[in-house]
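Q: Could you take a close look at one part of this model for me, the side of chain A that touches chain C? I'd like to see how that side is put together and what else chain A is up to around there.

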Amino acid sequence: MATLHLLSHSPFSDGRLASCLRLLCAGDALLLCGDSVYALQSGSDHRKALESIPDSVALYALDEDLAARRLDALPARLLPVDYAGFVELCCRYERTNSWL
Amino acid sequence: MSCSFERCLMKFAIALFSPAHSPASRRALRFAEAALAGGHEIVRLFLYQDGVHSASANIVAPQDELGVAGQWSRFIRDNRLDGVVCIAAGLRRGVLDEQEAARHQRPAANLSAGWELSGLGQLHEASQNADRLICFGGH
Amino acid sequence: MARSMLVITRQSPWSGPTAREALDIVLAGGAFDLPLGLLFLDDGVFQLMSGQHAARLQQKDLTANLQALPMFGIESVFASRRSLSERRLDEASLALPVELLDDAELGSLINRYDQVITL
């Protein structure tokens, strides 16, 4: 009964990522879209927080948002997805919780 | 939901809470296109909060930007989808059809073709009929 | 069997229509006898403070609507203990009865519902 959490706000100016991280369960997943991919900035506290998420939580990011922002040095555990992959994730997880 | 040997096909209800100029609106549209391309069904598109602006016929996107509102309208029409705009959210934000513009004596109706004003019950009905409810909003 | 929905409300009552529009989703679902839950999280817990004066901001007071939730069949009302504590809100003097949950319990709560909308 796992949840795919969807984020799209930059964590540098918004508390949604922090709130989301506090209530993740084993088996849940996080999909970073839009400015939330800035959480992957190397060396940032948000990057460290993402890297500290238990291995039982999968970490995804929308590939177009990574490419547009030219983010590199991504964590090995991060799985970029395109829109077909995004749809597949929504099928795989029982529910999607978008942090609007 | 229907499952074949390879994978499951799902019924999606998609709710959008952001206006056409928000990245979330474009993202929702790209997702919806991918869902159909993957053989899935979209039972309803529901616009709520500032998402009602994604159904405005009055938007004039800058020439060097994507006209997402127009793309939504065409997408719904081309795929014969059920596009619903929450009437309470629409009224609050000035997205009206002819009937509501007349009822409230407003100078213009601006609901884009393909969309229909209705109540929140339509969001719940779609959620009940779909396998998955996916919300897009924020940025 | 009807699918259940959890609405997570994260905004204060004074930051725009979101608090009201989140509640409207809940009330609409209640009117159709759907199984719904409502969770107050982050600044959403400010909706639970008693004795607020909406009229000073020329706004509608949502407190009466929140207190009417049971009449719409909405009995599952929760709040984040952390969100209350961060904002120094007294658990004992909230405007309506809520079940307080810790962070770990919030994750489990979400996973008990078929769908979730977080506003």
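A: In this predicted model, 14 residues of chain A are in contact with 13 residues of chain C. Two elements of chain A give two or more residues each to that side: helix 1 (16-22) and strand 5. Strand 5 of chain A makes the largest share, with three residues. As for chemistry, the chain A side splits into seven nonpolar residues, five polar ones and two charged ones.

Now for the partner across the way. Chain C has four helices and five strands, and going from the N terminus they run β-α-β-α-β-α-β-α-β. Its C-alpha atoms fill a box of roughly 45 × 30 × 20 Å along the principal axes. The radius of gyration of chain C is 14 Å, which agrees with the value near 14 Å for a compact globule of 119 residues. Of those 119 residues in chain C, 41% are buried. And if you take the contacts in chain C between residues at least 6 apart in sequence, 74% of them join residues at least 24 apart.

Back to chain A, since strand 5 turns up again on another side. With chain B, 15 residues of chain A are in contact with 19 residues of chain B. Here the elements of chain A that give two or more residues are helix 4 (83-92) and strand 5 (95-98). Helix 4 of chain A provides the largest share of this side, six residues. The side that touches chain B divides into nine nonpolar residues, five polar and one charged.

Helix 4 of chain A deserves a look of its own. What is buried in it? The buried residues of helix 4 are F86(A), V87(A) and C90(A). Look down the axis of helix 4 and these buried residues fall within an arc of 100 degrees, so they line one face of the helix. That fits the usual geometry: an α-helix has 3.6 residues a turn, so residues three or four places apart point the same way.

And what covers those buried residues of helix 4? From chain A itself, the cover includes strand 1 (3-7), strand 3 (58-62), strand 4 (78-81) and strand 5. Chain B joins in too, with helix 1 (23-37) and strand 7 (132-136) of chain B among the covering elements.

So keep an eye on strand 5 of chain A as you turn the model: it gives residues to the side that touches chain C, gives residues to the side that touches chain B, and helps cover the buried residues of helix 4 of chain A.

Methods:
Residues numbered from 1 in each chain as written. Chains lettered and ligands numbered in written order. Predicted model: local features only at pLDDT ≥ 70, side-chain atom pairs only at ≥ 80, totals over all residues. Contact = placed C-beta atoms within 7 Å. Nonpolar A, V, L, I, M, F, W, Y, C, P; charged D, E, K, R; others polar. Rg over C-alpha atoms; globule rule 2.2 N^0.38 Å. Buried ≥ 20, exposed ≤ 12 C-beta atoms within 10 Å, placed from the backbone. Arc of directions from axis to C-beta.
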